[in-house]
Amino acid sequence: MEYTKKSGFATLVGRPNVGKSTLMNHLIGQKIAITSDKPQTTRNRIQTVYTDERGQIIFLDTPGIHKAKNKLGEYMVNVAEHTLKEVDVILWLVEPTTFIGAGERHIAEQLNRVKTPVILVINKIDTVKNQDEILTFINAYKDICPFAEIVPVSALRKRNTDVLLEQIFKYLPYGPQYYDEDTVTDQPMRQIAAELIREKALRLLSDEIPHGIAVTIEKMTERENGIMDIEASIICEKDSHKGIIIGKGGSMLKKIGSAARREIEDMMETQVNLQLWVKVRREWRDSEIYMKNYGYDAKDV
């Protein structure tokens with residue numbers, strides 16, 4: 001059978017906080033991956049699907065490649081590095097700069113070990129005042145890896161993203177469509193709801209807490225009238241963190257809950273009754289049992 005459309009897998013890699021999730025959400029056309037100004041917000045591979053008349057791209061958004069500090073960090077790095085060998089094309093996102101630091105060089109080492117075509121995506125070009133400078137950023141990077149393409153974009157302002165899609169399709173094989181054309185993600189609703197709650201916590205809490213939190217959905221049931229009841233727990237590592245997450249008179253927890261509820265309602269297109277609790281699990285990021293309970297299973301890698 002001869003296929004007339006292209007179909008394949010692309011992954012986004014890059015240091016934490018270069019805009020991978022923002023770019024993927026824009027390409028897909030709706031919010032799936034959580035975004036935050038805190039690094040390391042993506043903990044699992046998030047699979048999303050883009051379909052148009054040219055075919056289908058399945059995006060794997062991985063955790064940022066970085067040096068691990070604990071078991072959770074090791075898990076995240078393993079997931080990212082494992083993905084590089086499974087896909088048809090790799091998008092490496094970098095910021096517009098001529099300085100190539102140790103973090104970028106570490107990623108370049110990984111990419112030079114694989115045969116997969118790599119597209120260098122210079123993101124955040126909306127922050128560059130003189131657009132001629134983009135050529136100097138391209139020159140700084142062009143010899144670090146044998147890039148298939150180099151594409152400057154602004155994920156936030158949606159600049160040049162159509163060119164990027166064109167380049168991705170160029171490197172995909174012809175093949176069957178893996179998903180229906182209306183599918184945008186393979187993530188279960190429970191997982192997306194948990195990630196949206198975690199995103200709001202990351203945005204609203206102070207810097208010392210976020211990496212030490214996880215979110216679990218304890219219960220998710222739909223009433224006859226269509227209202228969705230969700231009970232969720234925010235897991236933290238210290239009693240002092242619990243106090244900060246709850247806030248004075250429960251004010252912070254209410255803020256997190258109402259911000260998350262609005263987005264979950266938009267996603268599910270129904271009214272949501274969200275109840276949040278906070279639990280302390282000391283040093284859960286170094287416990288394989290807790291990590292597995294919270295959805296991070298090293299055996300998956």
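A residue counts as buried when its relative accessible area is under 20%. The structure described here is a predicted model, and this threshold underlies the descriptions of burial that follow.

**Overall architecture**

The chain contains nine helices and nine strands. Of its 301 residues, 54% are buried. Contacts between residues at least 6 apart in sequence are made up, to 72%, of those joining residues at least 24 apart. The exposed area of the chain is about 14,800 Å², of which carbon and sulfur atoms supply 46%.

**Aromatic pairs**

Three aromatic pairs are found when the whole structure is searched. Two of them are set out below.

| Pair | Distance between centres | Angle between planes | Geometry |
|---|---|---|---|
| Y50 and F169 | 6.4 Å | 55° | tilted |
| W92 and Y141 | 5.8 Å | 85° | edge-to-face |

The pair of Y50 and F169 is classed as tilted because its planes stand at 55°, whereas planes over 60 degrees apart would count as edge-to-face. This pair links distant parts of the chain, with Y50 in strand β2 (residues 46–52) and F169 in helix α5 (residues 161–170), 119 residues apart. Y50 and F169 are each buried.

The rings of W92 and Y141 meet edge-to-face, with 85° between their planes. W92 belongs to strand β4 (residues 89–94) and Y141 to helix α4 (residues 133–141), so this pair ties together parts that are 49 residues apart in sequence. W92 and Y141 are both buried. Together with F147, these two residues form one aromatic cluster.

**A nonpolar surface patch**

On the surface, M1, Y3 and Y174 make a nonpolar patch of about 430 Å². Y3 is located in the segment before β1 (6–13). The relative accessibility of Y3 is 34%, and Y3 therefore counts as partly exposed; that class lies between the limits of 20% and 50%.

**A polar contact of strand β7**

T216 is part of strand β7, which spans residues 214–222. Because its relative accessibility is 13%, T216 counts as buried. The side chain of T216 makes a polar contact with the side chain of E218, at 3.0 Å.

**Summary of the local features**

The buried residues described above include W92 and Y141 of the edge-to-face pair, Y50 and F169 of the tilted pair, and T216 in strand β7. Y3, by contrast, is partly exposed and contributes to the nonpolar surface patch with M1 and Y174.

Conventions:
Residues numbered from 1 in each chain as written. Predicted model: local features only at pLDDT ≥ 70, side-chain atom pairs only at ≥ 80, totals over all residues. Heavy atoms only, no water. Phe/Tyr/Trp six-rings, centres within 6.5 Å; stacked < 30°, edge-to-face > 60°. Helix = DSSP H or I, 4+ residues; strand = E, 2+ residues; numbered from the N terminus. Buried < 20%, exposed > 50% of the residue type's maximum accessible area, 1.4 Å probe, protein only. Patch = residues over 30% accessible without salt bridge, like charges linked within 9 Å, V, L, I, M, F, W, Y side chains within 5 Å. Areas by Shrake-Rupley, 256 points an atom, 1.4 Å probe, with all protein chains shown as cover. Salt bridge = Lys/Arg side-chain N within 4 Å of Asp/Glu carboxyl O. Contact = heavy atoms within 4.5 Å. Polar contact = N/O pair within 3.5 Å; in protein donor to acceptor, adjacent residues only side chain to side chain.
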